Amino acid sequence: LQVALRIRPMSTAELAEGARPIAHRVDKQVVVLRDPLEDPDDVLRASRSREKSYVFDVAFDSMATQETVYRATTRGLIAGIISGYNATVFTYGPTGCGKTYTMLGTEGEPGICARMLGDLFQAIEDTSGDMEYEVSMSYLEIYNEMIRDLLNPSLGCLQLREDASGTVQVAGITEVSAINAEEVMQLLVRGNRQRTQEPTAANRTSSRSHAVLQVAVRQQRRGRGLHRGRLFMIDLAGSERAAQTQNRGQRMKEGAHINRSLLALGNCIKALSDQASTKYINYRDSKLTRLLKDSLGGNSRTVMIAHISPASTAFEESRSTLAYAHRAKSIRTTVRHNLLSVSYRVAQYGSVTADLCRDIQRLKGQGHAEPGQLGQAQVQRRGARCTHPELGRVQEELLGACREQAAPRHLLLRLEGTELHAQHLLAPYVGAKPPPGMGSPGEPGWGKEGRGEPDGPGDSGRDSDTGNKRLDVPEPPDVAAAHESIAAVVEERGTLQQ
């Protein structure tokens, strides 16, 4: 587990309060945190200084650029992803310390997500001469311990499932195929409009949920096995104190759920960092820790970027974040190559194996003849040995038939991805609920009080009795044409399945 630390600049509010900087980057790896209440003239407490230094893999001060942070932390993960390895990047720290800025950035200063996706698709393009790639993505948020699909919020609350190999997945999540970084970023921006954000006293654009972007890359060299790599980019909501954020009502409830999941994450980090401990790691305390199971202690190359404020007013939050980030350095993950060639070929040639097994059983059955029929059985066995080349020819024919079936299977997968993508593009026109006097019904992301913010999960309960009804308005011509295209795709898919 690679751990980096980033110190954001002092904010205007902190300067207005008279705060002074107490967190300093000493060199490329060391950060020093000073106690703001420490009195240098107090001789009685001279030996009880609370000043402490922390060592990380890399540290950034307030002058570090987005490009510097990206190159030093996550750029090296791309080659592994397209080769079939898993990678995870997540931000950690108190609210208002710049986690979302590091992950998403701005239009002028894009963050890790945009830079990594751009380099990922560039690497795919550079190696696509003898490789075949398929890229899909999903985007979700964990809000009040509920999982919502940000690409299709109408799905409601989703559940976590664990398959036979121990991999945790979200049942029913929307996966959309992508062909370039621009398309993924458009979907990411659209999903962020659905993400739950509310202002607090500590942060005017506080994220009230954990956002998880998953990009799956399937790579197949022509004539060889299939590799699958997964990239998780996670923007965690920040820990907070009610006294600092001045939260009440729903905001306080959100903060309690955020702190609960981050506490579970901290407990997992503490247990994983204790190399001498063999006790059970409780990932089930929170849905966040269940999703991060592979990223923390399993099959993934993981980068954690911790964020702190240098202000003296945030001393307690900064000290807690530094302690957890420093402890996470000792976590060791076991990275495995995700090679799917064995299961893929077993599925492809399963019918051939079954036929061969039946032939073997038939030949074995010929050996159980009666004593008087021994000569005939021996002749039959000799005949079976003589027809062995015939059996090989049948096997080759079966293999050829399986290879011929591979093309329609591949086309079927592409059609299913096209159908999902088309339905995703039509999502803004279905079930839209514009507020009175607000714009056209075709725009996504209707929010509360006419601000264009998305409806939170709490609003879904009020709509459950009436259902998600379409507006009684005629469809635009391109939407109607798209529906006809989808119907044609579905019909073609049914033909291929038959």
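The largest cavity in this predicted model has a volume of about 60 Å³. A search of the whole structure returns four cavities of 30 Å³ or more. The wall of the largest cavity is formed by Thr167, Val168, Arg230, Phe232, Arg290, Leu291, Lys293 and Asp294. Three elements each contribute two or more residues to this lining, namely strand β15 (226-235) and the helical segments α9 (287-291) and α10 (293-297). In terms of residue class, four members of the lining are charged, three are nonpolar and one is polar. Among the charged residues of the lining are Arg230, Arg290, Lys293 and Asp294, while Val168, Phe232 and Leu291 belong to the nonpolar class. The polar member of the lining is Thr167.

Helix packing was examined for two pairs that share helix α5. In one pair, helix α5 (residues 112-126) and helix α6 (residues 181-194) have axes that come within 9 Å and cross at roughly 150 degrees. Because angles over 145 degrees count as roughly antiparallel, α5 is assigned a roughly antiparallel orientation to α6. The crossing of α5 past α6 is right-handed. On the α5 side, the contact is made by Cys113, Ala114, Leu117, Gly118 and Phe121; on the α6 side, Ala181, Val184, Met185 and Leu188 take part. Eight of these contact residues are nonpolar and one is polar, with no charged residue present. The polar residue is Gly118 of α5.

In the other pair, helix α2 (residues 66-73) and α5 have axes that come within 10 Å, with a crossing angle of roughly 55 degrees. The two helices, α2 and α5, are therefore oblique to each other. Their crossing is right-handed. From α2, the residues Gln66, Glu67, Tyr70 and Thr73 meet Ile112, Arg115, Met116 and Asp119 of α5. By class, this contact of α2 with α5 comprises three nonpolar, two polar and three charged residues. The charged residues are Glu67 of α2 together with Arg115 and Asp119 of α5, and the polar ones are Gln66 and Thr73 of α2. Tyr70 of α2 and Ile112 and Met116 of α5 make up the nonpolar part. Helix α5 thus presents Cys113, Ala114, Leu117, Gly118 and Phe121 to α6, and Ile112, Arg115, Met116 and Asp119 to α2.

Technical notes. Residues numbered from 1 in each chain as written. Predicted model: local features only at pLDDT ≥ 70, side-chain atom pairs only at ≥ 80, totals over all residues. Heavy atoms only, no water. Axes fitted to C-alpha atoms, helices over the stretch in contact; angles between N-to-C directions. Helix = DSSP H or I, 4+ residues; strand = E, 2+ residues; numbered from the N terminus. Parallel < 35°, antiparallel > 145°, perpendicular 65-115°, else oblique. Left-handed = near helix turned anticlockwise from the far one by under 90°. Contact = heavy atoms within 4.5 Å. 1 Å grid on protein atoms, 1.4 Å probe; cavity = no way out; pocket = protein on both sides within 12 Å on 5 of 7 lines; lining within 4 Å. Points joined across faces, edges and corners; volume = space filled by probe spheres on them.
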